[in-house]
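I set out to record what I looked up in this structure, entry by entry. The entries follow below the display.

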Amino acid sequence: AVVFLGFQATAQGVQQFQSSLVDAATGRLTAAESVRAIQMAAIRGDATSQNALAVMYAHGIGVLRNFVRAEYWFKKAADQRYGAALYHLGVLYKAGPEGIHQDLSKANDYFTASALAGFRPTMNQLADLLNAAASGPPRPGQH
């Protein structure tokens, strides 16, 4: 997030970021500064930060747990075809946590989009599913 915001990934870059926040320039981000950096980068359109912020909302890491906010940020990243966000939206719609309507059809669409976007964990899950189906007993209409 700090790099996306235009600062180097060094102690000096972190100090410059901290100075832009009017925080003490220690060269090491506090938890609150990390959250602020991710939020700023997410607002400015960084898909990686949007996905990270959504995960933070989904798990209550550095922010209050809020599945609706998680969905919002996952969708922002998914709009950029960010594979992990597409996968996480699938998980969100499959589970249907508080504030999110469970929708298995939508979940499957997001899982498929995630695999098509090249997100390796989803691709591996799909491969495992296909292998399990291929090694199972024949079904009517199969040879």
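**Notebook: helices and selected residues**

I first checked the length of helix H5 (residues 83-95): at 1.5 Å a residue, its 13 residues should span 18 Å, and the end C-alpha atoms lie 19 Å apart, which agrees. I note that the model is a predicted one.

Which residues of H5 are buried? I found Gly-83, Ala-84, Ala-85, Leu-86, Tyr-87, Leu-89, Gly-90, Leu-92 and Tyr-93 to be so. I then asked what the buried residues of H5 pack against. Their partners are helix H3 (47-59), helix H4 (67-78), H6 and H7. I also looked at what comes after the helix: Gly-96 follows H5 and has a positive phi, near 60°.

**Entry: Glu-71**

I located Glu-71 in helix H4. Is Glu-71 buried or exposed? Its relative accessible area is 15%, and Glu-71 is therefore buried, the cut-off being under 20%. Setting aside neighbours within four places in sequence, I listed the contacts of Glu-71 as Leu-89, Leu-92, Tyr-93 and Ile-100. Leu-89, Leu-92 and Tyr-93 also appear among the buried residues of H5.

**Entry: H6 and H7**

I next examined how helix H6 (residues 104-116) packs with helix H7 (residues 120-135): the angle is about 110°, and the axes are 7 Å apart. That angle makes H6 roughly perpendicular to H7, since the class runs from 65 to 115 degrees. I recorded the crossing of H6 and H7 as left-handed.

Which residues meet where H6 and H7 touch? From H6 I noted Phe-111, Ser-114 and Ala-115, and from H7 Thr-122, Met-123 and Leu-126. By class, this contact of H6 with H7 comprises four nonpolar residues, two polar ones and no charged ones.

**Entry: positive phi outside glycine**

I looked up Val-22, a residue other than glycine whose phi is positive, near 65°. Val-22 sits in the loop between helix H1 (11-20) and helix H2 (31-43). With a relative accessible area of 74%, Val-22 is exposed, as the cut-off is over 50%.

I then turned to Arg-81, for which phi is likewise positive, near 65°, in a residue other than glycine. Where is Arg-81 found? I placed Arg-81 in the loop between H4 and H5. Its relative accessibility is 48%, so I entered Arg-81 as partly exposed.

Terms used:
Residues are numbered from 1 along each chain as its sequence is written. This is a predicted model: local features need pLDDT of at least 70, side-chain atom pairs count only at pLDDT 80 or more; totals for chains, interfaces and linings use all residues. Side-chain values use heavy atoms; hydrogens and water are left out. Axes are lines fitted to C-alpha atoms, for helices over the stretch in contact, and angles run from 0 to 180 degrees between N-to-C directions. Helices (H or I, at least four residues) and strands (E, at least two) are DSSP runs, numbered from the N terminus. Angles under 35 degrees count as roughly parallel, over 145 as roughly antiparallel, 65 to 115 as roughly perpendicular and the rest as oblique. A crossing is left-handed if the near helix is turned anticlockwise from the far one by less than a right angle, and right-handed if clockwise. Contact means heavy atoms within 4.5 Å. Ala, Val, Leu, Ile, Met, Phe, Trp, Tyr, Cys and Pro count as nonpolar, Asp, Glu, Lys and Arg as charged, and the others, Gly among them, as polar. The expected span of a helix is 1.5 Å times one less than its number of residues. Buried means under 20% relative accessible area, exposed over 50%, partly exposed in between (1.4 Å probe, protein chains only).
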